[in-house]
Amino acid sequence: MPWRLAVAAAAVTAVPAACAATVGMGDVPAAVHLAVLAVAALPLLMRAAPTAFRRACLLIGMVLLWASLIGAAFGLGPVVPASLLLLVAAVADPDNAPGCASVVLAVMLPLLFLLFLLCAW
């Protein structure tokens with residue numbers, strides 16, 4: 001389960017990075033979005049070591065959360081779902097599979113966040 005959340009965080013970050021690389025997004029250059037994507041994907045390299053994976057998810061999730069909150073005015077707002085997914089991956093129990101309600105919530109939260117962004121924009 002934590003591994004899937006980290007993959008989802010990298011996938012959620014890939015969309016704004018691809019958008020910024022092709023059409024530009026705010027005042028942030030495309031290289032910054034690609035660097036954020038690389039940072040969000042770092043925990044995926046630590047799958048074999050669960051403790052290092054959890055620490056990396058926690059550290060990178062916190063850094064991305066602060067960077068996205070500070071950089072929201074410049075176009076880094078879409079990084080918030082990835083940082084939250086990494087923080088959840090840091091504390092997720094790998095032995096306890098999620099129930100139906102958790103899966104529905106995990107699918108709906110990023111969609112609601114995007115809807116909120118579109119309405120605020």
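**Leu 64 and the core of a five-helix chain**

Leu 64 is buried, with a relative accessible area of 4%, well within the limit of under 20% that defines burial. The model in which this residue sits is a predicted one, and Leu 64 is found there in helix α3. Apart from neighbours up to four places away in sequence, the residues that Leu 64 touches are Val 36, Val 39, Ala 40, Val 79, Ser 83 and Leu 86. One of these partners, Val 39, lies 25 residues from Leu 64 along the chain, yet the two C-alpha atoms are separated by 8.5 Å.

The wider setting of Leu 64 is a chain with five helices and zero strands. Read from the N terminus, its elements run α-α-α-α-α. Confidence varies along this series: among the elements, α3 has the highest mean pLDDT, 89, while helix α5 (residues 100-120) has the lowest, 73. For the protein chain as a whole, the mean pLDDT is 79, and 93% of the residues reach 70 or more.

The overall dimensions can be compared with a simple expectation. A compact globule of 121 residues would have a radius of gyration near 14 Å, and the protein chain agrees because its own value is 14 Å. Along the principal axes, the C-alpha atoms fill a box of roughly 40 × 30 × 25 Å. Of the contacts in the protein chain with a separation of 6 or more, 65% are made by residues 24 or more positions apart. Buried residues account for 31% of the 121. The chain exposes about 7300 Å², of which carbon and sulfur atoms supply 77%.

In soluble globular proteins, nonpolar side chains tend to be buried together. Here, the largest nonpolar core has 19 residues, and Cys 57, Leu 64 and Leu 86 are those with the most contacts inside it. The elements that contribute two or more residues to this core are α1 (2-23), α2 (30-40), α3 (50-70) and α4.

Helix α4 deserves a separate description. It comprises the 12 residues 80-91, which should span 16 Å at 1.5 Å a residue; the end C-alpha atoms are 17 Å apart, in agreement with that expectation. Nine of the 12 residues are buried, so α4 is largely enclosed by the rest of the structure. The buried residues are Val 80, Pro 81, Ala 82, Ser 83, Leu 85, Leu 86, Leu 87, Ala 89 and Ala 90.

Two residues of α4 show what surrounds this helix. Leu 86, whose place is in α4, counts as buried because its relative accessibility is 0%. Beyond the residues up to four places away in sequence, Leu 86 touches Ala 6, Ala 9, Ala 40, Pro 43, Cys 57, Ile 60, Gly 61 and Leu 64. By contrast with such contacts, Ala 72 is 14 residues from Leu 86 along the chain, and their C-alpha atoms are separated by 18 Å.

Ser 83 is also found in α4. This serine is buried, with a relative accessible area of 0%. Leaving aside neighbours within four places in sequence, Ser 83 is in contact with Gly 61, Leu 64, Leu 65 and Ser 68. The account thus returns to Leu 64, whose contacts include both Ser 83 and Leu 86.

Technical notes
Residues numbered from 1 in each chain as written. Predicted model: local features only at pLDDT ≥ 70, side-chain atom pairs only at ≥ 80, totals over all residues. Heavy atoms only, no water. Helix = DSSP H or I, 4+ residues; strand = E, 2+ residues; numbered from the N terminus. Expected span 1.5 Å × (residues − 1). Buried < 20%, exposed > 50% of the residue type's maximum accessible area, 1.4 Å probe, protein only. Rg over C-alpha atoms; globule rule 2.2 N^0.38 Å. Contact = heavy atoms within 4.5 Å. Areas by Shrake-Rupley, 256 points an atom, 1.4 Å probe, with all protein chains shown as cover. Core = buried A, V, L, I, M, F, W, Y, C linked by side-chain atoms within 4.5 Å. pLDDT = per-residue confidence, 0-100.
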